[in-house]
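Student: Please give me a close look at one part of this model, the sheet and what lies against it, and take your time with the details. I would like the cut-offs behind each term as you go.

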Amino acid sequence: MTAPTLLPVLSALADETRWSILTALGEGDASASALAGRLPVSRQAIAKHLSVLQEVGLVEPVRVGREVRFRVIGAELSSTATALDAIGREWDRRLAAIKQIAEGL
């Protein structure tokens, strides 16, 4: 995952309500109404947040009878985690190089 594709995902995750929604969906698929019953946010606000999460590929709607439930797309979360891990490894490498230079002075 490159920075241009990572930034919208991180932006979506930076919102506390969207993070709470994603966490709740991690426990199982749920409709916007069910999420509104669990979180201190209106159903309309939940729907807007779900739309943002869907736009960046973190959740997808699944029709179950008349109800639309949302589920987390694990592959996108894994891809995001892998990208962040690569960034962390690169920083560790750079810091180790700086430490080595500093200790050599």
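Tutor: A good place to start is A30, whose bridge partner in β3 is F70. This is a predicted model, in which local features need pLDDT of at least 70 and side-chain atom pairs count only at pLDDT 80 or more, while totals for chains, interfaces and linings use all residues. Residues are numbered from 1 along each chain as its sequence is written, and side-chain values use heavy atoms, with hydrogens and water left out. Helices (H or I, at least four residues) and strands (E, at least two) are DSSP runs, numbered from the N terminus.

Two bridges join β1 to β3 (residues 67–72), and these strands run antiparallel; two strands are said to pair if DSSP finds at least two bridges between them. The whole sheet is open and has three strands, in the order β1-β3-β2, with antiparallel pairing. Its edge strands, each pairing on one side only, are β1 (30–31) and β2 (59–64). Against this sheet packs α2, which touches β1, β2 and β3 and whose direction makes about 95° with that of β3. Helix α4 also packs on the sheet, touching β2 and β3, and its direction makes about 115° with that of β2. Contact here means heavy atoms within 4.5 Å, and the angles, which run from 0 to 180 degrees, are taken between N-to-C directions of lines fitted to C-alpha atoms, for helices over the stretch in contact.

The residues of α2 can now be sorted by burial, where buried means under 20% relative accessible area, exposed over 50%, and partly exposed in between (1.4 Å probe, protein chains only). In α2 the buried residues are R18, I21, L22, A24 and L25. They lie on the same side of α2 because they cover an arc of only 160° around the axis, the arc being that of the directions from the helix axis to the C-beta atoms. On the other side of α2, E16 and G26 are exposed, and G26 counts as exposed because its relative accessibility is 61%.

Both ends of α2 have a local detail. At its start, a side-chain oxygen of D15 reaches to within 2.9 Å of the backbone nitrogen of T17. Following α2 comes G28, with a positive phi near 155°.

One of the buried residues, L25, touches A30, L35, L50, V59, F70 and V72, with residues up to four places away in sequence not counted; A30 and F70 are thus the bridge partners met at the outset. L25 is also among the residues that touch the most other members of the largest nonpolar core, a set of 19, together with I21, L35, I46, L50, L58 and V59. The elements giving two or more residues to this core are α1 (3–13), α2 (16–26), α3 (32–38) and α4 (43–55), and α2 gives the most, with four residues. A nonpolar core is a set of buried Ala, Val, Leu, Ile, Met, Phe, Trp, Tyr and Cys residues joined through side-chain atoms within 4.5 Å.

Finally, H49 links the two packed helices. H49 has its place in helix α4 and counts as buried because its relative accessible area is 15%. Leaving aside neighbours within four places in sequence, H49 is in contact with D15, T17, R18 and I21.

Technical notes. A polar contact is a pair of N or O atoms within 3.5 Å; within protein, one must be able to donate a hydrogen and the other to accept it, and residues adjacent in sequence count only if both atoms are side-chain atoms.
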